[in-house]
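Here's a quick walk through one model, written for someone who likes to check geometry by eye. Have your viewer open and follow along.

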Amino acid sequence: MSLTNRKKNNLVPEPALRRMPCYLAYLKLAQKEGLQHISSTLIARDMGVDPTQVTKDLSYTSIVGKTRVGYEVEPLIEVLEDFLGFTVVDEAYLFGVGSLGKALLHDHGLKQFGLKVVAAFDVDPEVVGKTIEGVPIYHFEELANMHEEKAKIGILTVPVDKAQEVANKLVEVGIKALWNFTPVRIKVEEDIVVQNTSLYAHLAVMFNRMKAE
């Protein structure tokens with residue numbers, strides 16, 4: 001088995017990773033309410049998940065609950081935050097300072113989850129040279145000259161017809177992970193991490209479910 005295949009086999013399943021931040025938010029609320037211990041059954045009941053699924057998801061962090069007691073809330077919060085990478089802040093560049101890009105720059109919650117946008121890029125003279133929430137906005141052509149800072153994450157909120165072109169350029173300058181907010185499925189080398197987050201896809205699902213009622 002190749003090293004690449006071994007790495008893939010060791011990856012935590014994406015559905016489990018998607019549930020873990022929800023567990024974390026739930027646990028923080030439980031902590032505020034004064035709970036010191038919590039069971040997988042209680043978590044499952046309140047979150048609409050099977051108890052065995054909760055136990056399996058949390059097992060990826062190597063933390064184990066105690067029989068009849070459950071998990072200690074505070075240590076479980078700390079373990080989840082560390083496991084998810086929320087305790088270390090990674091720097092990112094944002095590309096495309098339109099309405100969605102601006103909204104992300106105003107989102108102070110990102111830093112709480114380990115992501116700090118340190119620079120933004122666009123081609124619109126109306127926004128280039130300005131600063132939003134302390135984040136300077138540069139012309140896209142300046143990226144190659146200033147990438148000495150070595151941010152490894154690129155956030156894509158560019159127009160659909162520019163998504164692949166911008167992604168290609170980011171990979172060229174050393175970006176290792178792309179958080180793609182466009183509905184386009186960009187194509188990059190396998191060693192580049194791509195997380196697609198399509199607001200429109202979720203909107204379509206919501207509308208479809210509403211019509212089915």
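What follows covers a helix pair, the nonpolar cores, the sheet and two backbone oddities. Keep in mind that this is a predicted model.

Let's begin with the helices. Helix α2 (residues 14-32) packs on helix α4 (residues 51-59) at about 95°, and their axes are 10 Å apart. That angle makes the two helices, α2 and α4, roughly perpendicular. On the α2 side, the contact uses Ala 16, Arg 19, Met 20 and Tyr 23, while α4 brings Gln 53, Val 54, Asp 57 and Leu 58. Sorted by type, the residues of this contact are five nonpolar, one polar and two charged.

Tyr 23 turns up again in the largest nonpolar core, which has 22 residues; there Tyr 23, Ile 38 and Leu 80 touch the most other members. At least two residues of this core come from each of α2, α3 (40-47), α4 and α5 (73-83). Helix α2 gives the largest share, seven residues. If you want one residue to centre your view on, try Ile 38: leaving out residues up to four places away in sequence, Ile 38 touches Tyr 26, Leu 27, Ala 30, Ile 43, Val 69, Gly 70, Tyr 71 and Val 73. Another core, of 19 residues, lies apart from that one, and its members include Leu 156, Leu 170, Ile 175 and Ile 186. As background, nonpolar side chains tend to be buried together in soluble globular proteins.

Now for the sheet. Seven strands form an open sheet with mixed pairing, in the order β5-β6-β4-β3-β7-β8-β9. Which strands stand at the edges? They are β5 and β9 (193-196), each with a single partner strand, so one side of each has no neighbour in the sheet. Strand β8 (residues 177-180) runs parallel to β9, joined by four bridges, and Ala 177 sits opposite Val 193 in β9. Helix α9 (residues 163-172) lies across β3 (90-95), β7 (153-156) and β8, and runs at about 170° to β7.

Finally, the backbone. Most residues other than glycine have a negative phi, so the two residues below are worth a look.

| Residue | Phi | Loop | Relative accessible area |
|---|---|---|---|
| Ser 62 | near 75° | between α4 and β2 (71-72) | 64%, exposed |
| Glu 133 | near 50° | between β5 (131-132) and β6 (135-139) | 42%, partly exposed |

Ser 62 has a positive phi and is exposed. Glu 133 also has a positive phi, but is partly exposed.

Methods
Residues are numbered from 1 along each chain as its sequence is written. This is a predicted model: local features need pLDDT of at least 70, side-chain atom pairs count only at pLDDT 80 or more; totals for chains, interfaces and linings use all residues. Side-chain values use heavy atoms; hydrogens and water are left out. Axes are lines fitted to C-alpha atoms, for helices over the stretch in contact, and angles run from 0 to 180 degrees between N-to-C directions. Angles under 35 degrees count as roughly parallel, over 145 as roughly antiparallel, 65 to 115 as roughly perpendicular and the rest as oblique. Contact means heavy atoms within 4.5 Å. Ala, Val, Leu, Ile, Met, Phe, Trp, Tyr, Cys and Pro count as nonpolar, Asp, Glu, Lys and Arg as charged, and the others, Gly among them, as polar. Buried means under 20% relative accessible area, exposed over 50%, partly exposed in between (1.4 Å probe, protein chains only). A nonpolar core is a set of buried Ala, Val, Leu, Ile, Met, Phe, Trp, Tyr and Cys residues joined through side-chain atoms within 4.5 Å. Two strands pair if DSSP finds at least two bridges between them.
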